[in-house]
Amino acid sequence: AGTRATSQVYDTTDEFVAMADGQPQLEKATFIMLVRNSEVHDARSSIRYVEDRFNKNFHYPWLFLNDRPFSQEFIRMTRVLVSGNATYGQIPKEAWSMPDWVDRQKARECMKDMANRNILYGGSESYRHMCRFFSGFFWRHELLANYDYYWRVEPNTQLYCDLTYDPFTFMRENNKTYGFTINLLEFASTIESLWPTVQNFSSEHPEYIHQNNSLDFVVDDHKSITEGSYNNCHYWSNFEIASLKFFRSQPYRDFFDALDQTGGFYYERWGDAPVHSLAVSIMLDKEEIHWFYDIGYRHHPFTHCPEPREEFHDSGKCYCNPRQNFDRNPYSCTKQYQRMRGDSGSPEHVPRMS
Ligand code: GDP
Ligand code: MN
């Protein structure tokens, strides 16, 4: 492993190639986990994966968020596993409730109808609060004020590869804004009016559409926002390494407000994943989006496992089964992603799909 002025690298024997003072220079970055007290054991498992594969060598802080107060038990059981500081925050009411312009009666009927149609989480109001929170509020939380980047971690997720560099430093040095590991198709029945809403927003704010956007990830046949329809591809947001500055920016705020005004988070069941994905696909330079191909990751029921043997498996870096790699699954959007990336300029290790 080599050294650079601003990043720390440790070699596979776990020895730091440290800076002069011997301390890794941390980015303004934190893990965030939204979690319920009842999920404490699943939370502990995820923390342990992240610490073992990466953070034991870096000691980034953890921020735990909850719509209710954390129990002493939750705090006690998680604090002992983190190698950085742990902070426990509660979500303010307005960030976890229906805004007053949403018609309560209509929302209730929509939820009942979606539950009857067996749509995943179709009948759940709290799930909708969660999706709206991750779309429009987590980045406003006061406990995130001093950070530029976050890594979202969910309870009961797994990491399978040693991370031998600081992904936050990677993001900053390479001008990356949004990083993911898995992309896939959304259930169309949860987002029926999301695309028309995005189309309206785009025609009202043509100045927000980036010249070098990645629209080709979310719209087929190289069509424009006006002409095309959403192909339902999105980055799976249960894993994200991303810039808070982007979410705090005026374009994203206006984007969220335009969506929120329609009540679609409640009348339908818009997920934060398609919301984030559409925003970054339209408003960012495609070069700002990064596939952390090298991070083996599982959130039930899908796994991303890096495939090239020499780099990831023969070396002992990863221990997932490449045959379980979701990238080749028909529900994966890897084809659309690669189409969008084109052939040139990709810094990431993305093997060709046959
Ligand atoms: P799925 O991954 O879409 O199936 O949804 P999850 O049930 O995993 O929820 C996504 C994230 O939000 C997880 O980190 C959950 O712990 C968290 N979450 C979901 N609902 C609630 C809730 O009502 N309260 C709290 N505190 N966290 C929640
Ligand atoms: Mn989950």
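**Exercise 1. How much area do domain 1 and domain 2 bury between them, and what share of it is on carbon and sulfur atoms?**

Solution. Domain 1 and domain 2 bury about 2,300 Å² between them. Of that, 60% is on carbon and sulfur atoms. Buried area here is the accessible area (1.4 Å probe) that two parts lose on being put together, summed over both. Next, look at the domain 1 side: Trp 139, Tyr 150 and Arg 152 lose the most area to domain 2, together 33% of what that side buries.

The model is predicted: local features need pLDDT of at least 70, side-chain atom pairs count only at pLDDT 80 or more, and totals for chains, interfaces and linings use all residues. Residues are numbered from 1 along each chain as its sequence is written, and side-chain values use heavy atoms, without hydrogens and water.

**Exercise 2. Give the bounds of the two domains, and find how they meet.**

Solution. Domain 1 is 1–91 + 137–173, and domain 2 is 101–132 + 181–287 + 311–339. These bounds come from an automatic or database domain assignment. The C-alpha centres of the domains lie 25 Å apart. Now count contacts (heavy atoms within 4.5 Å). 25 residues of domain 1 are in contact with 23 residues of domain 2.

**Exercise 3. Where does the largest nonpolar core lie?**

Solution. Start with the term: a nonpolar core is a set of buried Ala, Val, Leu, Ile, Met, Phe, Trp, Tyr and Cys residues joined through side-chain atoms within 4.5 Å. Buried means under 20% relative accessible area (1.4 Å probe, protein chains only). The largest such core has 68 residues; Phe 133, Phe 138 and Tyr 235 are among those with the most contacts inside it. Its largest share, six residues, comes from helix α11 (residues 272–283). Helices are DSSP runs (H or I, at least four residues), as are strands (E, at least two). Both domains give residues to this core, so it lies between them.

**Exercise 4. Classify the ring pair Phe 138 and Phe 247.**

Solution. The structure holds 50 aromatic pairs. Rings of Phe, Tyr and Trp (its six-membered ring) pair if their centres lie within 6.5 Å; planes under 30 degrees apart count as stacked, over 60 as edge-to-face and the rest as tilted. For Phe 138 and Phe 247, the centres are 5.5 Å apart and the planes at 65°, so the pair is edge-to-face. Phe 138 lies in the loop between α4 (125–136) and β6 (149–152) and Phe 247 in helix α8 (residues 244–248), so the pair ties together parts that are 109 residues apart in sequence. Both Phe 138 and Phe 247 are buried.

Technical notes:
Chains are lettered from A and ligands numbered from 1 in the order in which they are written. Buried means under 20% relative accessible area, exposed over 50%, partly exposed in between (1.4 Å probe, protein chains only).
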